[in-house]
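Student: I'm new to this one and would like a walk through it. Could we take it one question at a time?

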Amino acid sequence: MSDVRMMLDDPELTRRSPGEEFALAHARHGPDAAVGLRASISDLFPPARRRPRLTVRHLLRKAVVDADEVTVFTERAENTSPDDAAPEWEFEVGSATVRTQVVRASVPVPKEILADPAALAAFVDYRLLVRLGTAENDVLLNGTGPIQGLLRVPGLRRRPADPADGGSAARTLLATAALCEWYGGSADGIVMHPDDWWPLVGDGAFLERLAVQGVKVGRTRMVPAGTALVGDFTAAATLLDRRSSTIRLDGDALVAEIREGLAVHLPGHFVLTSLPGGR
C-alpha cells in the first residue's frame with residue numbers, strides 16, 4: 001500500500017503523542033506511511049511540560065484559519081512625531097493579504113530506530129519536534145518568504161545602547177518596554193538569546209517581576225546575541241494557524257511539516273534593542 005495517510009480525530013493529541021501516532025502508522029504501513037494531524041505539533045514537544053520554555057509561537061496571539069490567504073488589518077506610524085502624546089491617532093490604517101507557508105524540519109533516522117516502535121515514537125517526540133520548534137522560531141523571526149520575520153518587517157523600531165541604562169540589561173529592557181507605550185502599545189513579550197537570558201536568572205527576581213506584569217520572555221538562538229525584541233505581541237501580530245501538520249519518511253530521514261502564517265498589524269509596536277555589552 002502506498003502513500004497511506006491517517007487524519008486523526010484527536011486534534012489536541014490527548015491520547016497519544018505525535019511520535020506514538022507515527023510509530024503506529026509505520027508499524028502498519030511501513031515506509032509509505034504518513035500521518036496528518038489537525039494540530040500544530042510544534043506545541044507538543046514533551047519536555048516543555050516539565051520545563052516550560054516559551055517559543056515565539058507562545059508569545060503571539062493565534063487565529064485558526066481555513067484558507068492559505070487571509071486579509072488582515074494594518075496600521076503604520078511612519079508619519080507620526082515622537083513628541084506626540086498619542087501618536088496612534090495619526091496611524092495610517094489599511095489592509096494586507098497574508099499567505100501561509102509550510103515550516104519544515106527533518107532529521108536522519110537510523111534503521112534500528114525504525115524497527116522499534118517505542119524507540120521511533122521517542123525519536124519523533126524528542127528529536128524531530130525540537131528541530132521543528134527551532135525551524136519555526138527561525139521563520140517567525142528571520143523569514144523572508146510568505147512569512148516575513150519579526151526582525152525583518154518594515155517599520156520595526158530600533159533602540160541603540162543608551163548610557164542612561166547604566167550597563168544594566170534589566171534597565172534596558174524596562175526602558176524599551178516603556179518606549180513601546182509611546183506608540184500606543186503595551187509590551188507583553190520579549191525574545192532574547194540564551195546568552196542574555198540566563199544572566200537575568202541571577203538578577204534577583206527580575207524575570208518573576210516581568211511575569212507579574214504579564215510580560216512573557218522567550219529565548220532562542222535565532223535572535224542575535226546582545227539584542228532583544230520587545231513588543232506588544234498580543235496586539236501587534238497574529239499567528240495564522242492552519243492546524244495542519246504532517247509527519248512522514250523521506251528516504252532515510254523523518255520530516256515534520258506545519259502550515260502557518262504571520263500577520264503583523266502594527267510593526268511599530270516592536271522594538272529591537274541593543275543590550276549592554278552586546279556583540
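Tutor: Sure, and keep in mind that this is a predicted model. Let's start with Ala-228, which touches Leu-173, Ile-190, Val-191 and Met-192 and also Val-271, Leu-272, Thr-273 and Leu-275, leaving out residues up to four places away in sequence.

Student: Okay, in which strand does Ala-228 lie?
Tutor: Look along the chain for the strand that covers residues 227–231. Ala-228 falls inside that run, so by the DSSP numbering from the N terminus its strand is β10.

Student: Is Ala-228 buried or exposed?
Tutor: Anything under 20% relative accessible area counts as buried. Ala-228 has 0% relative accessibility, so the word for it is buried.

Student: How far apart are the C-alpha atoms of Ala-228 and Arg-159?
Tutor: Along the chain, Ala-228 and Arg-159 are 69 residues apart. In space, their C-alpha atoms are separated by 9.9 Å.

Student: Leu-275 was among the partners of Ala-228. Where is Leu-275 found?
Tutor: Go to the strand that spans 270–274 and carry on past its end. Leu-275 sits in the segment after β13.

Student: Is Leu-275 buried or exposed, and why?
Tutor: The cut-off to apply is 20% relative accessible area, with buried lying under it. Leu-275 has a relative accessibility of 4%, and therefore counts as buried.

Student: What separates the C-alpha atoms of Leu-275 and Ala-228 in space?
Tutor: Leu-275 touches Ala-228, and its other contacts include Ala-169, Met-192 and Asp-196. In sequence, Leu-275 and Ala-228 are 47 residues apart. The C-alpha separation is 7.1 Å.

Student: Let's move to Cys-180. Which helix holds Cys-180?
Tutor: Cys-180 has a relative accessible area of 0%, so it is buried. The helix you want runs over residues 169–182. That makes the home of Cys-180 helix α5.

Student: Which residue is 51 places from Cys-180 along the chain, with its C-alpha 6.5 Å away?
Tutor: Setting aside neighbours within four places in sequence, Cys-180 is in contact with Gly-185, Ala-187, Val-230, Gly-231, His-269 and Val-271. The one with that spacing and that C-alpha distance is Gly-231.

Student: And Val-139, is it buried or exposed?
Tutor: You'll find Val-139 in helix α4, residues 117–142. Beyond its neighbours within four places, Val-139 is in contact with Gln-101, Val-103, Ile-147 and Gly-149. Its relative accessible area is 16%, so Val-139 is buried.

Student: What about Arg-243: how does its accessibility class come out?
Tutor: Arg-243 belongs to strand β11, residues 237–250. Its phi is positive, about 50°, although Arg-243 is not a glycine. The range between buried and exposed starts at 20% and ends at 50%. Arg-243 has 23% relative accessibility, so it counts as partly exposed.

Student: Now a helix. What length does α1 reach from its first C-alpha to its last?
Tutor: Helix α1 takes in residues 18–29, which is 12 residues. Its buried residues include Pro-18, Phe-22 and His-26. At 1.5 Å a residue, 16 Å is expected, and α1 comes close to that, reaching 16 Å.

Student: Which residue follows α1?
Tutor: Look for a positive phi, near 70°, just after the helix. The residue with that value is Gly-30.

Student: Which strand gives the largest share of the lining of the second largest pocket?
Tutor: That pocket has about 250 Å³ of space and is lined by 15 residues, with Val-98 and Gln-148 among those nearest its centre. Strands β4, β5 and β12 each supply at least two lining residues. The largest share, 4 residues, comes from β5.

Student: How many residues of that lining are charged?
Tutor: Sort the lining by type and you get 10 nonpolar residues and 3 polar ones. The charged ones number 2.

Student: Last one, for the whole chain: what percentage of its residues count as buried?
Tutor: The chain has 8 helices and 13 strands. Residues 24 or more positions apart account for 78% of its contacts with a separation of 6 or more. Of its 279 residues, the buried part is 51%.

How values were computed: Residues numbered from 1 in each chain as written. Predicted model: local features only at pLDDT ≥ 70, side-chain atom pairs only at ≥ 80, totals over all residues. Heavy atoms only, no water. Expected span 1.5 Å × (residues − 1). Buried < 20%, exposed > 50% of the residue type's maximum accessible area, 1.4 Å probe, protein only. 1 Å grid on protein atoms, 1.4 Å probe; cavity = no way out; pocket = protein on both sides within 12 Å on 5 of 7 lines; lining within 4 Å. Points joined across faces, edges and corners; volume = space filled by probe spheres on them. Nonpolar A, V, L, I, M, F, W, Y, C, P; charged D, E, K, R; others polar. Contact = heavy atoms within 4.5 Å.
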